Amino acid sequence: MMPIWIKHASQLVTMISSAPGPRTGSEMSELGIIEDGSLWIEDGKVIRAGTTEQLEQEFTERASEAEIIDAKGQLVTPGLVDPHTHVVYGGTREVEFEKRLEGASYMEIMNAGGGIHATSSMTREATEKELLEQTTKRLNSFLKHGVTTVEGKSGYGLNTETELKQLRVMKKLNETHPIDLIPTFMGAHAVPKEYKGREDEYVTHIIEDMIPKVAEENLARFNDVFCEKNVFTPEQSERILEAGKAYGLIPKIHADEIEPYKGAELAAKVGAISAEHLLKASDEGIHAMADSGTIACLLPATALYLREEAANARKMIDAGVPVAISTDCNPGSSPTTSMPLVMNLACILMRMTPAEALSAATINAAWAIGEEQNAGIIDAGRNADIVLWDVPSYQMLQYAFGVNHVKAVWKKGVRFV
C-alpha cells in the first residue's frame, strides 16, 4: 500500500489533549489543532502528525514513494463516530411521518401498532440477505458523510430469532464493510404485541432466552433497554441490564426521552457506559451521571424530527457530564445518516459550541462505545481514520449547516470517498 502524505491542511484537528478519559467541561474545547498541518500515513496507520514544515524535514526524501494530498485551505479531522444507531431494519415508515404532522404523537402511533411494532413486523419478514443489502446502503451513506465507526442496535425483532438475525447481519457487515460496526443487543426496545399485558413474562424471556444466546454466539458488546413509561419500568430495566452484565454485556440505556422516569439515575446506578436521549433528564439524574462518569449520548436530529425540545446539553456539560452526539439513525424518528447535520444541530438546538460538537462526534463518541483506543483521535500508531473537509476551519464546518463538506475519507489508510 502506497504511503499517503497529506500536506498544508489549514487546520489538522488531532483531538489530542491531556484529558485521560472522555472529555468533560472545558476539556471538550481542546481540539489539538495544528495549523498548516501534515500527516504521513503508512500501512493503515498514522505514522506522524505535525506541521508541514516538521514533516518535510522528516519525509522529503521519501516523497516519491507517497501519494501526496494538497490540503491547502481545507480541514482534516478524525473520522466521525456515530455511537447510537438502529441501522439494521426492514422497511420504512414515511406514512407515520405524515401522521405526526397531522397531530398524532409518537406514543399514540406506537400504541396503535405503528412505530417500533411496525418496523418489527417488517424486520421479521425480511431475509438476512435483504437486511444486508439495505444496511450496506446506509453504511455507504454514513461513510460519505465522514463517519468511519458506527454503533448498531438490534431491537426490531422482539423475538429471539430476529434479534439474532439483526446481530448476525451486523457481525457480517463488520467483517466485510469498511466501517467498524459495533453491536448492541436491544431486545428490550419495546414489548411485542404478543406479550401485551404480560410484560414481566417478556422481561423474563429476554433474560433467560435472548441474552444467553446472544452471549453464546458473541454477537454483542452492549445491552440496551428503553426505560420509559408504557415501555419498560426502571425496575424491569434494571433486571435486564444486570442480567446482561452477568454475561459480560455492558449496560446502555434509553433514558428520560418522553418524560422524567429516573432513567439517568438508573444509568448511574448500574454503571452504564452511556445513557441515550435524556430530553427530560432530572437535575438529580444529570448529577448522578456526572459522578458515575456515564456519557450522555444526545440525539438532536431525533428531537427535531419529533418536534420536541432537544436535550439540555449546556446543563450537562456545565455539570461535568461527558457528552457525545449521534444521528439515532432509525426508520421512525431519525431517518438520517448525516453526522455533519447532527453537529450543526448540536450547536443550533443544544447550544453546544463548534468545538464541543466536534469532540462529541469524535473522541467522546468513541468512548461511548468502547472504541477510544481505535477511533476519535489522530495520533502516531493509531488507525488512519481520516476525513478531509472542503472548509478551512472547524468553525466553518459547524457554521455552514445542512451541507456535506466531505471531500475525502480514509478508513485504516484506504480511501473510500
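The legends below describe close-up views of a predicted model, beginning with the whole chain and moving to the contact between its two domains.

This is a predicted model in which local features need pLDDT of at least 70 and side-chain atom pairs count only at pLDDT 80 or more, while totals for chains, interfaces and linings use all residues. Residues are numbered from 1 along each chain as its sequence is written, and side-chain values use heavy atoms, with hydrogens and water left out.

**View 1. The whole chain and its dimensions.** The chain holds 16 helices and 16 strands, where helices (H or I, at least four residues) and strands (E, at least two) are DSSP runs numbered from the N terminus. Along the principal axes, the C-alpha atoms fill a box of roughly 70 × 45 × 45 Å. The radius of gyration is 21 Å, which agrees with the value near 22 Å for a compact globule of 417 residues (taken over C-alpha atoms, with a globule rule of 2.2 Å times the number of residues to the power 0.38).

**View 2. Two domains and the area buried between them.** The assignment, which is automatic or from a database, gives domain 1 (4–79 + 376–415) and domain 2 (80–368). Their C-alpha centres lie 30 Å apart, and the contact (heavy atoms within 4.5 Å) takes 33 residues from domain 1 and 36 residues from domain 2. About 2600 Å² is buried between the domains, with carbon and sulfur atoms giving 67% of that area; buried area is the accessible area (1.4 Å probe) that two parts lose on being put together, summed over both. M28, Q398 and K411 supply 27% of the area that domain 1 buries against domain 2, more than any other three residues.

**View 3. Polar and charged pairs across the domain interface.** Between domain 1 and domain 2 there are 10 residue pairs in polar contact, both residues at pLDDT 80 or more (N or O atoms within 3.5 Å, one able to donate a hydrogen and the other to accept it, with residues adjacent in sequence counted only if both atoms are side-chain atoms). The interface also has two salt bridges, each a side-chain nitrogen of Lys or Arg within 4 Å of a carboxyl oxygen of Asp or Glu. In the salt bridge of D180 with K411, the closest N and O atoms are 2.8 Å apart.

**View 4. A salt bridge between distant parts of the chain.** R168 forms a salt bridge with E217, their closest N and O atoms being 2.5 Å apart. R168 lies in helix α6 (residues 160–176), whereas E217, 49 residues apart from it, lies in the loop between α7 (199–216) and β9 (222–227).
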